Amino acid sequence: RAYGIMMHELLSRITTTDDIEHAVDQACAEGLLSLARRDVTVSLLREMLSSEKVRTWFDGSYAVMTEASIILPSGATRRPDRVMTGDGQVTVIDYKFGEPSPRHRQQAATYRELLNRMGYGKVSSWLWYVEKNIIEEA
């Protein structure tokens with residue numbers, strides 16, 4: 001669980017692959033990650049973010065918002081992990097560090113529906129089970 005929280009935090013600090021080292025260094029400086037794990041973590045993130053399935057999400061071709069709140073009429077908020085805009089479409093990514101679950105699919109679908117209601121026309125939502133490198137459209 002702690003690993004998933006740490007990786008989730010690191011991914012929230014990365015817009016493009018150029019941000020990996022800075023994000024990891026910042027996590028080390030804050031005590032979130034030990035300095036002894038720095039190089040291994042940088043290598044792991046480089047490998048994960050350069051995979052064929054997710055490479056375009058981190059190559060700078062999209063405008064990116066991480067952990068941006070969507071405020072509901074009730075005042076409650078929802079916070080998708082990554083929202084990317086470009087080429088007339090919006091792509092929502094939710095990172096997961098566990099087993100696939102229907103609850104996760106519903107969560108990602110809710111983000112898509114909220115963005116549609118906000119006036120964004122072409123919205124897709126994806127679940128990325130990071131450790132398993134499983135990507136599902138929701």
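So, where is E21 found? E21 sits in helix α2, and we'll come back to that residue in a minute. First, a word on what we're looking at: this is a predicted model, where local features need pLDDT of at least 70 and side-chain atom pairs count only at pLDDT 80 or more, while totals for chains, interfaces and linings use all residues. Residues are numbered from 1 along each chain as its sequence is written, and side-chain values use heavy atoms, with hydrogens and water left out.

Okay, the overall picture. The protein has four helices and seven strands. Helices here are DSSP runs of H or I with at least four residues, strands are runs of E with at least two, and both are numbered from the N terminus. If you walk along from the N terminus, the order is α-α-α-β-β-β-β-β-α-β-β.

What about the overall shape? For 138 residues, a compact globule would have a radius of gyration near 14 Å, and this protein, at 15 Å, agrees with that. That radius is taken over C-alpha atoms, and the globule rule is 2.2 Å times the number of residues to the power 0.38. Along the principal axes, the C-alpha atoms fill a box of roughly 45 × 30 × 25 Å.

Now contacts, meaning heavy atoms within 4.5 Å. Take the contacts with a separation of 6 or more: 52% of them are between residues 24 or more positions apart.

Next, what's inside? Of the 138 residues, 39% count as buried. Buried means under 20% relative accessible area, exposed means over 50%, and partly exposed is in between, using a 1.4 Å probe and protein chains only. In soluble globular proteins, nonpolar side chains tend to be buried together. Here, the largest nonpolar core has 24 residues, and those with the most contacts inside it are L10, V24, L45, F58 and W128. A nonpolar core, by the way, is a set of buried Ala, Val, Leu, Ile, Met, Phe, Trp, Tyr and Cys residues joined through side-chain atoms within 4.5 Å.

Which elements give two or more residues to this core? They are α1 (2-12), α2 (20-29), α3 (38-49) and β5 (89-96). The largest share, five residues, comes from α2. There's also a second, separate core of nine residues, and I70, L72, Y111 and L115 are among them.

Let's look at F58 from the big core list. Leaving out residues up to four places away in sequence, F58 touches I14, T15, T16, T17, L49, R82, Y95 and W128. And then there's α1, whose buried residues are G4, M6, M7, L10, L11 and S12. What covers them includes α2, α3, β1 and β5.

Right, back to E21, as promised. Is E21 buried or partly exposed? It's partly exposed, because its relative accessible area is 35%. Not counting residues up to four places away in sequence, E21 touches R38, V42 and R46. E21 and T41 are 20 residues apart in sequence, yet 9.2 Å apart in space, C-alpha to C-alpha.

One of those partners, R38, lies in helix α3. R38 has a relative accessible area of 16%, so R38 counts as buried. With the same sequence neighbours left out, meaning up to four places away, R38 touches E21, V24, D25, C28 and L33. The C-alpha atoms of R38 and V24 are separated by 6.6 Å, with their positions 14 residues apart along the chain.

Now some loops. D59 is in the loop between α3 and β1 (63-66), and D59 is partly exposed, with a relative accessible area of 42%. D59 and L49 are ten residues apart along the chain, and their C-alpha atoms are separated by 9.0 Å.

Here's a backbone detail to look for on the screen. E67 isn't a glycine, but E67 has a positive phi of about 55 degrees. Where is E67? In the loop between β1 and β2 (70-71). N133 also has a positive phi of about 55 degrees, and N133 isn't a glycine either. N133 is in the loop between β6 (123-129) and β7 (134-137). Both are partly exposed: E67 has a relative accessible area of 26%, and N133 has 28%.

That's the tour. Happy to rotate the model if anyone wants to look at a residue again.
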